Structure formats: C-alpha cells, structure tokens
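This report describes a single chain, moving from its overall make-up to its helices and then to its charged side chains. The sequence and the structure are shown first.

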Amino acid sequence: NTLGAEAKQFALLCEHNIEALWRRRAWAIVQGRAGADAAAVASGTGLGVAAALAGLRVPREDVIPNDPEPVNQERTLAQSLTERMQAHSHWL
C-alpha cells in the first residue's frame with residue numbers, strides 16, 4: 001500500500017513540476033519581467049497579460065485519491081506529461 005501511495009505522490013510531483021514551467025513564465029508576463037515577451041506582445045506574436053492570467057486561473061490538481069480501488073489509467077505517466085507539455089507549449 002505504501003508503494004502505491006509513493007507512486008501516486010511521485011506522479012503528482014511530476015505534474016506539478018511540469019505545470020511550474022508554464023506557470024512561472026505566465027507569472028513573469030503578469031509582473032512585466034518577461035523582456036523578450038514584451039517585444040513579442042507588442043508585435044502581436046506573443047502572449048499577453050490576459051492570456052497569462054487565464055492560464056494562471058486554471059486550478060491545480062493536488063489531490064491524491066484515497067480510494068482503495070486502483071484507478072485504471074489508459075495512459076502512462078510519460079504520455080500524460082507529454083500531453084500536458086504539448087497543450088501548453090506556447091508558454092515554453
């Protein structure tokens with residue numbers, strides 16, 4: 001049971017680390033610290049403050065289920081993380 005909990009915690013930590021990549025970039029845009037992004041926004045090719053705020057408003061999923069029944073996942077952790085990275089690649 002402990003190994004299962006550790007595996008779930010590891011998966012959640014990986015998801016949080018991946019999320020932190022684009023959330024950090026979005027927060028830098030909101031704070032006005034993203035110098036290269038400011039030029040891209042001015043030229044119309046970058047993401048603005050509104051898009052950054054929308055990305056930051058997406059709630060983080062930080063719940064590890066306590067259900068004794070194992071969750072049947074069709075995707076591996078690597079596939080799930082890859083999909084999340086591709087969905088937010090415009091922030092990277």
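A residue is called buried when its relative accessible area is under 20%, exposed when that area is over 50%, and partly exposed in between. By that definition, buried residues make up 21% of the 92 residues in the chain. The model is a predicted one, and the mean pLDDT of the chain is 78, with 73% of its residues reaching 70 or more.

## Overall make-up and confidence

The chain contains 4 helices and 0 strands, so that its pattern, read along the sequence, is α-α-α-α. Confidence varies among these elements: helix H2, residues 35–43, has the lowest mean pLDDT, at 54, whereas helix H4, residues 77–87, has the highest, at 89.

## Helix H1

Helix H1 comprises 30 residues, from 2 to 31, and at 1.5 Å a residue these should span 44 Å; the C-alpha atoms at its ends are 41 Å apart, which agrees with that expectation. The helix nevertheless carries a kink of about 30°, centred on Ala-20. Just after H1, Gly-32 takes a positive phi of about 80°.

The buried residues of H1 include the apolar side chains Leu-12, Ile-18 and Ile-29 together with Trp-22, but the list also holds Glu-15, His-16, Glu-19 and Arg-23. Two other residues of the helix, Arg-25 and Trp-27, are partly exposed, with relative accessible areas of 30% for Arg-25 and 43% for Trp-27.

Several residue pairs that are separated along the chain can be placed in space by their C-alpha atoms. Arg-25 and Ala-52 are 27 residues apart along the chain, and their C-alpha atoms are separated by 8.3 Å. For Trp-27 and Val-49, the separation is 22 residues in sequence and 8.9 Å in space, C-alpha to C-alpha. His-88, which is found in the segment after H4, is partly exposed with a relative accessible area of 25%; its C-alpha atom is 9.4 Å from that of Leu-21, although their positions lie 67 residues apart in the numbering of the chain.

## Salt bridges

Side chains of opposite charge can pair when their charged atoms come close. The structure holds 3 salt bridges, and they are set out below with the distance between N and O.

| Pair | N to O distance |
|---|---|
| Arg-84 and Glu-15 | 3.9 Å |
| Arg-84 and Glu-19 | 2.5 Å |
| Arg-75 and Glu-83 | 2.4 Å |

Which residues are linked in a network of salt bridges? The network consists of Glu-15, Glu-19 and Arg-84. In the salt bridge between Arg-84 and Glu-15, whose side chains meet at 3.9 Å, Arg-84 lies in helix H4 and Glu-15 in helix H1, so the pair ties together parts that are 69 residues apart in sequence. Arg-84 also forms a salt bridge with Glu-19, the closest N and O atoms being 2.5 Å apart. Because Glu-19 lies in helix H1 and Arg-84 in helix H4, this second pair ties together parts that are 65 residues apart in sequence.

The members of the network are not alike in their accessibility: Arg-84 counts as partly exposed at 23%, whereas Glu-15 counts as buried at 17% and Glu-19 counts as buried at 5%. In the remaining pair of the table, the side chains of Glu-83 and Arg-75 meet at 2.4 Å; Glu-83 is partly exposed, with a relative accessible area of 39%, and Arg-75 is likewise partly exposed, at 41%.

## A buried arginine without a salt bridge

Where does the side chain of Arg-23 reach a backbone oxygen? Arg-23 is found in helix H1, and although buried, Arg-23 has no salt bridge. The nearest side chain of opposite charge is that of Glu-19, 4.4 Å away; because a salt bridge requires the nitrogen and the carboxyl oxygen to be within 4 Å, this pair is not counted as one. The side chain of Arg-23 instead reaches the backbone oxygen of Leu-56, at 3.5 Å.

Terms used:
Residues are numbered from 1 along each chain as its sequence is written. Side-chain values use heavy atoms; hydrogens and water are left out. The expected span of a helix is 1.5 Å times one less than its number of residues. The bend at a residue is the angle between axes fitted to the seven residues ending there and the seven starting there. Buried means under 20% relative accessible area, exposed over 50%, partly exposed in between (1.4 Å probe, protein chains only). pLDDT is the predictor's confidence in each residue, from 0 to 100. Lys and Arg count as positive and Asp and Glu as negative; His and the chain ends are not counted. A polar contact is a pair of N or O atoms within 3.5 Å; within protein, one must be able to donate a hydrogen and the other to accept it, and residues adjacent in sequence count only if both atoms are side-chain atoms.
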